[in-house]
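Please open the structure in your viewer, switch to a cartoon view, and keep the selection tool at hand. The tour below suggests what to select at each stop and says what is there.

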Amino acid sequence: MRVVALVSDLILASRIEEAARAGGATFTRVDAPGDLPPPDEADLLLVDWTERQPDWIAALTAWRDAGRARLIVFGPHTDLAAHEEARRAGLGPMWARSRLVRELPGLLQVSAERS
């Protein structure tokens, strides 16, 4: 399984990387949608919506639609506007960051089974 994370928070990125490697997955962290590998080279893409830029919606939608990778957008549970924005863009429902951290091991297992 190949996990890609578009996340600038290095502490969170390291937690994701640890969980991915513990589950036998490879891990890549990128800084922008333009840095993403081709869609067929990933099984799971985790996107920190707090870092979003205006061009992200189109880039992430195109990336998701071109491949089979699962896309999960996450952010603070208190940012209700971001949750609604992700949902309206077809990239949601957005997960709370706490849910991502809590469910990451199981998420990696499910994604591995899907690939």
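Begin by colouring the strands of this predicted model, and you will find an open sheet of five strands, arranged in the order S2-S1-S3-S4-S5 with parallel pairing. The strands at the edges are S2 (26–30) and S5 (95–96), each of which pairs on one side only.

Next, select strand S1, residues 2–6, together with S2, and follow the parallel pairing that joins them over five bridges. Within this pair, Val4 has Thr28 of S2 as its bridge partner, while Ala5 stands opposite Arg29 in S2. If you then show the surface around S1, how many of its five residues are buried? Four of them are, so S1 is largely enclosed by the rest of the structure.

While S2 is still on the screen, select Thr26, which lies in that strand. Is Thr26 buried, exposed or partly exposed? With a relative accessibility of 45%, Thr26 counts as partly exposed. Leaving aside residues up to four places away in sequence, Thr26 touches Met1, Arg2, Val3 and Ala20. If you draw a distance from the C-alpha atom of Thr26 to that of Leu10, the two are separated by 17 Å, although the residues are 16 places apart along the chain.

**Helix H1**

Now select residues 10–22, which form helix H1, and begin at its start, where a side-chain oxygen of Asp9 reaches to within 2.9 Å of the backbone nitrogen of Ile11. From its first C-alpha to its last, this helix of 13 residues reaches 18 Å, close to the 18 Å expected at 1.5 Å a residue. Colour Leu12, Ala13, Ile16 and Ala20, which are the buried residues to look for in H1. Why do they line one face of the helix? Seen down the axis of H1, the buried residues fall within an arc of 100°, so they share one face. An α-helix has 3.6 residues a turn, so residues three or four places apart point the same way. Turn the view to the face away from this buried side, and you will meet the exposed residues Leu10, Ile11, Glu18 and Ala22. Just beyond the helix, Gly24 follows H1 and has a positive phi, near 85°.

**Helix H2**

Move on to residues 56–65, helix H2, which lies across S1, S3 and S4 and runs at about 170° to S3. Show the side chains of Trp56, Leu60, Thr61 and Trp63, which are buried in H2. Looking down the axis of H2, you will see that its buried residues fall within an arc of 165°, so they line one face of the helix. Among the elements that cover these buried residues are S1 and S3. On the face turned away from the buried side, select Ala58 and Asp65, which are exposed.

**Two aspartates**

Select Asp48, which is found in strand S3, and display its surroundings. Asp48 is buried, because its relative accessible area is 1%, which is under the 20% limit. Its side chain makes a polar contact with the side chain of Arg97, at 3.3 Å. Not counting residues up to four places away in sequence, Asp48 touches Leu6, Val7, Trp56, Phe74 and Arg97.

Then go to Asp43, whose place is in the loop between S2 and S3. Is Asp43 buried or exposed? At 7% relative accessibility, Asp43 counts as buried. The side chain of Asp43 makes a polar contact with the side chain of Arg68, at 2.7 Å.

**Helix H3**

For the last stop, select residues 80–88, helix H3, and colour its buried residues, which are Ala82, His83 and Ala86. They cover an arc of only 105° around the axis, which puts them on the same side of H3. Which strands do the buried residues of H3 pack against? They pack against S4 and S5, so it helps to keep those strands displayed while you rotate the view. The face of H3 turned away from its buried side carries Leu80, Ala81 and Arg88, which are exposed. After H3 comes Gly90, whose phi is positive, near 80°.

Methods:
Residues numbered from 1 in each chain as written. Predicted model: local features only at pLDDT ≥ 70, side-chain atom pairs only at ≥ 80, totals over all residues. Heavy atoms only, no water. Pairing = 2+ DSSP bridges. Helix = DSSP H or I, 4+ residues; strand = E, 2+ residues; numbered from the N terminus. Contact = heavy atoms within 4.5 Å. Axes fitted to C-alpha atoms, helices over the stretch in contact; angles between N-to-C directions. Buried < 20%, exposed > 50% of the residue type's maximum accessible area, 1.4 Å probe, protein only. Polar contact = N/O pair within 3.5 Å; in protein donor to acceptor, adjacent residues only side chain to side chain. Expected span 1.5 Å × (residues − 1). Arc of directions from axis to C-beta.
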